[in-house]
Amino acid sequence: MVATMNNVMLFREMLIVGSTYWNMVYGADVGGVLKDGEGMANMRNIGENMAWLLKKLHTAEEEKQ
């Protein structure tokens, strides 16, 4: 299912930001996801990757002007 969703985005020429593992966290109660250390590390990693991509896109757009 995830591969299908990725393929749809790629067919539409969308950018997909990669990470180190599945981009999800688990928690049973409110705030429980904060106790999922591995999941939070994955979220931090994809956030950093998204920020890097956005900065590159912004810089490229500025250079075009």
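User: How is the radius of gyration taken, and what is the globule rule?

Analyst: The radius of gyration is taken over C-alpha atoms, and the globule rule is 2.2 Å times the number of residues to the power 0.38. For a compact globule of 65 residues that gives a value near 11 Å, but the protein has 15 Å. Along its principal axes the C-alpha trace spans about 50 × 25 × 20 Å. This is a predicted model, in which local features need pLDDT of at least 70 and side-chain atom pairs count only at pLDDT 80 or more, while totals for chains, interfaces and linings use all residues. Residues are numbered from 1 along each chain as its sequence is written, and side-chain values use heavy atoms, with hydrogens and water left out.

User: How many helices and strands does the protein have?

Analyst: There are 2 helices and 0 strands. Helices (H or I, at least four residues) and strands (E, at least two) are DSSP runs, numbered from the N terminus.

User: What span does H2 reach, and what is expected?

Analyst: The expected span of a helix is 1.5 Å times one less than its number of residues. H2 has 28 residues, for which 40 Å is expected, and its first and last C-alpha atoms are 41 Å apart, close to that value.

User: Why is Gly39 called buried?

Analyst: Buried means under 20% relative accessible area, exposed over 50%, and partly exposed in between (1.4 Å probe, protein chains only). Gly39 has 3% relative accessibility, so it counts as buried. Gly39 lies in helix H2, whose other buried residues are Asn42, Asn45 and Ile46. Leaving aside neighbours within four places in sequence, Gly39 is in contact with Met24 and Val25, where contact means heavy atoms within 4.5 Å. Of the 65 residues of the protein, 9% count as buried.

User: Why is Trp22 called partly exposed, and why is Glu13 called exposed?

Analyst: Trp22 has a relative accessible area of 48%, so it is partly exposed. Glu13 has 75%, so it is exposed. Trp22 lies in the loop between helix H1 (2–11) and helix H2 (37–64), and Glu13 is found in the loop between H1 and H2. Glu13 also has a positive phi of about 60°, although it is not a glycine.

User: What makes a nonpolar patch, and which residues form the one of about 840 Å²?

Analyst: Patches are made of residues with over 30% relative accessible area and no salt bridge; like charges are joined within 9 Å, nonpolar side chains (Val, Leu, Ile, Met, Phe, Trp, Tyr) within 5 Å. A salt bridge is a side-chain nitrogen of Lys or Arg within 4 Å of a carboxyl oxygen of Asp or Glu. Accessible areas come from the Shrake-Rupley method with a 1.4 Å probe; for residues, only the protein chains shown count as cover. The patch is made by Met1, Val2, Met5, Tyr21, Trp22, Met24 and Tyr26.
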